[in-house]
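Trainee: I would like to go through this model one question at a time. Where should we begin?

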Amino acid sequence: MLPARGLVVFSDFASQRLFAQPLDGSGAPQPLTPDVEGAQLPPYRPPTKVVVALVLLTATAPSLANASLMFNSVGFTQLSKVLTTPSIAFIERARGHGHPLDTARLLSMVFIHVGVYVASVADVTLNRTGCLVALANVCVTARYKTAWSSASRDAIARRRATRAAHEAAQTLALDERAAVRELVEHTLPWAAAALIPFIVFFEAAALRNMVATYDALAYARLFCIAVLGAWTSATGYMVIGRLSALTHQVLGQFKMACLLLGSYVVLGADLNRQQLGGASLTMASIVLYTRCTLAQRRRREARRRGAEPLGRSPS
C-alpha cells in the first residue's frame, strides 16, 4: 500500500496508465489504473442464429453473383447492382441502423449510379432467367451486407463494453479490428463449407475438366487467385464492420470505375467515350460522396459535443 501523503502521480505515455510513487523515492511506482490495453479479452461468441444467418448469406451471395454473370452480360449485371444501394439503405433504415443521408450525400450517390449506368448501358442483354437471377442477387446481397454490418456492430459494442475504463482512441480502433476479425474467424470456415454445394452445382463441368486435364501451372494460378480473393473478402468484411454496408457498396462501384479506366490506360481496352465518361463521372461522384460523408460526420460530432453538459468549474 502506498501512503496517503507525499505522492507524485504521473502518466506513462506508452501505455496510457497512471502511476503513483512516494516523493522520497522509497518505493517503486505503483499502477493506479489497470493495464486494459494489454489484457487478453475473451473471444466474442456470436449467437447461433446470427452465425447460421451469416453462413447462409455468405455462401449464397457470391454464388448468385456468379450465376448472374453466367445468365447475363457484364453490363446488365453492373446495372442490376445499382439496385443494391437503395435496398441496403431501405433495410438499414427499416431496422433503425445507420444515419440518414443528407441532401449532398444523396445527390452524390445519384451521380455515382448515373455514371455506372452510362458506363454499363452499352453492354446490356435481357432474358427472363437472367432477370430473375439478378433480382435474387440484389435482394440477397443487400441482406448479406446489412447482416454483416449489424453483427459487426454488435461484436464491436460488446468488446468496447469490456474496455469501458480505457478511452484511448487507438485502443478503440484495435478493439474494432479485433471484434470484426473474431466474427470473421468464427463464421467464414462454416461459410466456406456451405459454398461446396454451390460450387458443385454451378461449376460441375469445370471441376470435371480440371480432374481430367491436370495442369500444375493452372492450379498454381488458381491458388494465387484464391489467396487474393480471400484477402479481398477479409478487407471487405473489415469495411462493412468498421464503416457500413453502404460504404462497402459505394467502394464496389469505385472498383468498377477503376477497372474500366485501368483497362483503358494500362491495357489499351477499346472503350468508347460514353463508357469513359460514365466511369469518370462515377469516380468524381465517389470523391464528392466521401467529402460529404466526412462533413456530415464532423457536423454530427460537433452537435454531440455541444449537447454534452458542461462540467462545473472549480470554485
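**Helix H1, the cores and the surface**

Mentor: Begin with helix H1, where the buried residues are Val 51, Leu 54, Val 55, Leu 57, Thr 58, Ala 59, Ala 61, Ser 63, Leu 64, Ala 67 and Ser 68. Keep in mind that this is a predicted model.

Trainee: What span should the 24 residues of H1 have, and how far apart are its end C-alpha atoms?

Mentor: The expected span follows from 1.5 Å a residue, which gives 34 Å for H1. The end C-alpha atoms agree with that value, their separation being 34 Å.

Trainee: Which helix gives the most to the largest nonpolar core?

Mentor: That core holds 17 residues, and Leu 54, Tyr 144 and Trp 148 have the most contacts inside it. At least two residues each come from helix H1 (48-71), helix H5 (128-161), helix H6 (169-202) and helix H8 (216-242). With 7 residues, the top contributor is H5.

Trainee: Which residues does Tyr 144 contact, leaving aside neighbours within four places in sequence?

Mentor: Tyr 144 is among the residues with the most contacts inside the largest core. With those sequence neighbours left aside, its contacts are Leu 57, Thr 58, Ala 61 and Tyr 237.

Trainee: How many residues are in the second, separate core?

Mentor: Its members include Ile 88, Ile 112, Ala 245 and Val 250. The size of this second core is 10 residues.

Trainee: Is Ser 149 buried or exposed?

Mentor: Ser 149 lies in helix H5. Not counting residues up to four places away in sequence, it touches Glu 92, Ile 240, Ser 244 and Ala 245. Buried means under 20% relative accessible area. Ser 149 has 0%, so the class is buried.

Trainee: Which helix provides the largest share of the nonpolar surface patch?

Mentor: The patch consists of Leu 107, Val 110, Phe 111, Val 114 and Leu 281, with about 400 Å² of accessible area together. Its largest share, 4 residues, comes from helix H4 (residues 103-120).

Trainee: Why does Leu 281 count as partly exposed?

Mentor: Leu 281 sits in helix H10 (residues 273-307). Partly exposed covers what falls between buried, under 20%, and exposed, over 50%. Leu 281 is placed there because its relative accessibility is 31%.

Trainee: What distance separates the C-alpha atoms of Arg 273 and Val 118?

Mentor: Arg 273 also belongs to helix H10, and it is exposed, with a relative accessible area of 79%. Along the chain, Arg 273 and Val 118 are 155 residues apart. Their C-alpha atoms are separated by 10.0 Å.

Conventions:
Residues numbered from 1 in each chain as written. Predicted model: local features only at pLDDT ≥ 70, side-chain atom pairs only at ≥ 80, totals over all residues. Heavy atoms only, no water. Patch = residues over 30% accessible without salt bridge, like charges linked within 9 Å, V, L, I, M, F, W, Y side chains within 5 Å. Areas by Shrake-Rupley, 256 points an atom, 1.4 Å probe, with all protein chains shown as cover. Salt bridge = Lys/Arg side-chain N within 4 Å of Asp/Glu carboxyl O. Buried < 20%, exposed > 50% of the residue type's maximum accessible area, 1.4 Å probe, protein only. Core = buried A, V, L, I, M, F, W, Y, C linked by side-chain atoms within 4.5 Å. Contact = heavy atoms within 4.5 Å. Expected span 1.5 Å × (residues − 1).
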